[in-house]
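Here are a few exercises to work through with the structure at hand. Try each task first, then follow the solution step by step.

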Amino acid sequence: MPNRLAHETSPYLLQHADNPVDWWPWVGEAFEEARKRNVPVLLSVGYSSCHWCHVMAHESFEDQETADYLNAHFVSVKVDREERPDVDAVYMEAVQAATGQGGWPMTVFLTPDAEPFYFGTYFPPAPRHGMPSFRQVLEGVRSAWADRRDEVADVAGKIVRDLAGREISYGGTEAPGEEELAQALLGLTREYDPQRGGFGGAPKFPPSMVIEFLLRHHARTGAEGALQMAQDTCERMARGGIYDQLGGGFARYSVDRDWVVPHFEKMLYDNALLCRVYAHLWRATGSELARRVALETADFMVRELRTDEGGFASALDADSDDGTGKHVEGAYYVWTPEQLREVLGDDDAELAVHYFGVTEEGTFEHGSSVLQLPQQEGVFDAERVASVKERLLASRADRPAPGRDDKIVAAWNGLAIAALAETGAYFDRPDLVDAALGAADLLVRLHLDDHARLARTSKDGQVGANAGVLEDYGDVAEGFLALASVTGEGVWLDFAGFLLDHVLARFVDEESGALYDTAADAEQLIRRPQDPTDNAAPSGWSAAAGALLSYAAQTGAEPHRVAAEKALGVVKALGPRVPRFIGWGLAVAEAALDGPREVAIVGPSLDDEATRALHRTALMGTAPGAVVAVGTPESDELPLLADRPLVGGEPAAYVCRNFTCDAPTTDPERLRTALTS
């Protein structure tokens with residue numbers, strides 16, 4: 001019989017709707033129930049494409065005996081971390097403070113006042129590797145609750161007090177200058193892996209936001225080392241197993257230092273960020289590899305993640321059926337030489353073995369290999385390679401596909417909108433711009449209420465109950481601002497403004513200018529989460545700072561500019577010390593230091609060839625964070641177009657920076673120079 005999760009919209013919660021555990025979603029009534037029954041709360045946090053979440057669910061939450069024990073002695077609450085990043089952040093901070101590490105599944109025991117007192121991640125069904133079994137943990141917690149309640153209360157109170165005292169060192173309200181950005185570059189150089197690209201050791205994550213900083217730093221200063229790190233890292237990733245050599249798109253991370261074996265789940269946010277990175281790398285260098293990867297990644301998102309409603313699903317699972325009914329990580333993506341021969345025949349299989357670095361012993365498990373593009377001598381026949389890829393992709397499509405998390409997350413769709421809009425504009429792919437517009441339209445229709453407040457998620461056209469957090473407002477505004485620059489449609493600038501007004505009113509600390517992850521009027525947790533560091537995706541703090549800065553450049557809105565500069569104070573503090581973990585903050589700081597430049601393109605119509613040439617040149621400019629407005633002289637859709645006439649009846653470009661404007665030009669070459677120097 002389904003439990004209380006049966007009516008939720010989260011695919012992760014729905015995966016647990018038939019568990020014998022009497023799960024509750026995160027609602028006040030669950031804690032009331034715990035208070036009434038005088039039992040502790042088990043909080044279990046995970047997400048739908050999390051491998052060990054599935055393992056623990058199968059071993060423990062699907063087990064009737066374990067469920068009976070849980071139901072008798074606990075109130076069990078299940079949370080999708082992607083739906084409630086605020087709940088996840090608050091308790092993950094407690095787990096990391098107490099144990100020195102964290103991860104998912106996250107297992108936390110709470111008092112009925114939601115105060116944590118015991119923590120863990122995955123617990124096995126039987127003791128192993130020094131870990132107690134889940135049943136032993138449950139029995140220990142139940143015993144402590146029954147016999148040592150005062151001790152439990154003391155521990156919970158101390159943890160909550162410690163969390164309250166962990167205010168971040170904010171570093172003032174001044175944006176970083178030349179010195180701090182140079183120090184950040186030096187710090188990255190020290191952590192750079194010159195043999196393999198990327199930063200640090202294994203596991204290796206794609207450093208998309210750091211690469212955006214490196215590209216912007218190179219554009220502003222000409223630092224060749226910054227460009228080299230960006231180029232080499234992008235090439236190594238694109239040639240590695242972390243990139244899907246047949247279908248495009250990136251896996252979550254590489255388990256090794258060489259980008260060979262990925263953790264196979266594919267997340268929307270990674271692919272959106274990396275699509276944009278490779279498009280920007282192509283813009284800076286003209287690299288054919290960067291062009292191919294940007295387009296293949298965009299096509300992957302549209303083909304495999306777009307939902308019927310026009311939004312983009314959150315993720316594809318790492319695991320899939322290996323053909324025997326058993327779910328195995330990577331089964332969909334890996335190949336043995338024998339499998340290649342079955343599909344391609346002996347001759348083409350031989351080519352594929354060399355071209356994709358497939359070995360007899362395998363680069364993954366059980367003699368299978370992850371496809372790569374190793375650097376090698378010799379020239380391959382391009383037509384033959386294309387035929388091989390086409391046949392392998394068609395054959396792979398017959399394998400059982402990984403599960404898809406169809407949940408629409410506002411923030412990640414904002415990132416996808418920005419990436420698809422720009423990639424479509426750069427490579428003359430109006431279908432990609434249309435895909436961005438479709439997702440933006442869904443967010444406006446479904447996720448925005450009458451007061452322009454954002455809902456975090458939706459699924460199958462049904463909006464979720466959870467309020468948007470700061471990253472939703474920042475990333476969606478970023479996507480809308482990119483759409484405004486690409487399409488010239490002022491409505492997207494207007495919607496970005498509505499969202500950013502909420503940021504100023506509900507997320508900013510008025511005194512310090514610091515930003516909070518949740519709104520002032522959001523549900524009060526044991527602590528108001530606040531994390532400025534960029535990890536898998538831009539933090540809400542960095543995302544909001546970037547969108548505020550771009551919006552101020554588009555509109556001249558002083559409060560937004562001031563808020564952006566104050567928010568960048570944390571980048572001044574953290575950039576020189578931990579540059580790998582504030583990459584988007586550093587990229588935004590580069591834009592602030594450069595101006596950013598404001599480009600207005602006016603022409604008789606958007607379809608006019610000379611107008612389109614100037615508009616494209618403006619979008620191709622590498623000046624950090626430059627904003628672009630395009631329209632007719634009489635248009636009132638975009639503030640940058642006000643009082644900008646044609647020049648001698650010809651379409652013209654106006655470039656301004658730091659309250660100073662160049663003479664208008666009708667020449668794309670002069671415009672290009674103005675946006676690269």
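**Exercise 1: Backbone angles in two loops**

Histidine 366 has a relative accessibility of 78%, so this residue counts as exposed. Keep in mind that the model is predicted.

Task: What is phi of histidine 366, and where does the residue lie?

Solution:
- Start with the angle: phi of histidine 366 is near 55°, which is positive although the residue is not a glycine.
- Recall the background: most residues other than glycine have a negative phi.
- Then locate histidine 366: the residue sits in the loop between helix 13 (337-355) and helix 14 (382-396).

Task: Is aspartate 460 buried or exposed?

Solution:
- Find the place: aspartate 460 belongs to the loop between strand 12 (457-459) and strand 13 (462-463).
- Look at the backbone: aspartate 460, not a glycine, has a positive phi of about 55°.
- Apply the cut-off: exposed means over 50% relative accessible area.
- Conclude: aspartate 460 has 51% relative accessibility and therefore counts as exposed.

**Exercise 2: Cis peptide bonds**

Task: Which residue does a cis peptide bond join to proline 105, and which to proline 596?

Solution:
- Begin with the general rule: most peptide bonds are trans.
- For proline 105, the cis bond comes from tryptophan 104, with omega about 5°. Proline 105 is in the loop between helix 5 (85-99) and strand 3 (106-110).
- For proline 596, the partner is glycine 595, and omega of this cis bond is near -15°. Proline 596 is in the loop between helix 22 (583-594) and strand 14 (598-602).

**Exercise 3: Two packed helices**

Task: How do helix 15 and helix 17 pack?

Solution:
- Read the geometry: helix 15 (residues 410-426) and helix 17 (residues 470-487) pack at about 20°, and their axes are 7 Å apart.
- Classify the angle: helix 15 is therefore roughly parallel to helix 17, since angles under 35 degrees count that way.
- Add the handedness: helix 15 crosses helix 17 in a left-handed way.
- Look at the contact: its residues include Trp412 and Leu415 of helix 15, and Phe480 and Leu483 of helix 17.
- Sort the contact residues: 13 are nonpolar, 2 polar and 5 charged.

**Exercise 4: An open sheet**

Task: In what order do the 4 strands of the open sheet run?

Solution:
- The order is 15-14-16-17, with mixed pairing.
- At the edges are strand 15 (627-631) and strand 17 (660-661), each pairing on one side only.
- Strand 14 pairs with strand 16 (residues 652-657) in the antiparallel sense over 5 bridges.
- For one bridge, isoleucine 601 has alanine 653 in strand 16 as its partner.

Notes
Residues numbered from 1 in each chain as written. Predicted model: local features only at pLDDT ≥ 70, side-chain atom pairs only at ≥ 80, totals over all residues. Heavy atoms only, no water. Buried < 20%, exposed > 50% of the residue type's maximum accessible area, 1.4 Å probe, protein only. Axes fitted to C-alpha atoms, helices over the stretch in contact; angles between N-to-C directions. Parallel < 35°, antiparallel > 145°, perpendicular 65-115°, else oblique. Left-handed = near helix turned anticlockwise from the far one by under 90°. Contact = heavy atoms within 4.5 Å. Nonpolar A, V, L, I, M, F, W, Y, C, P; charged D, E, K, R; others polar. Pairing = 2+ DSSP bridges.
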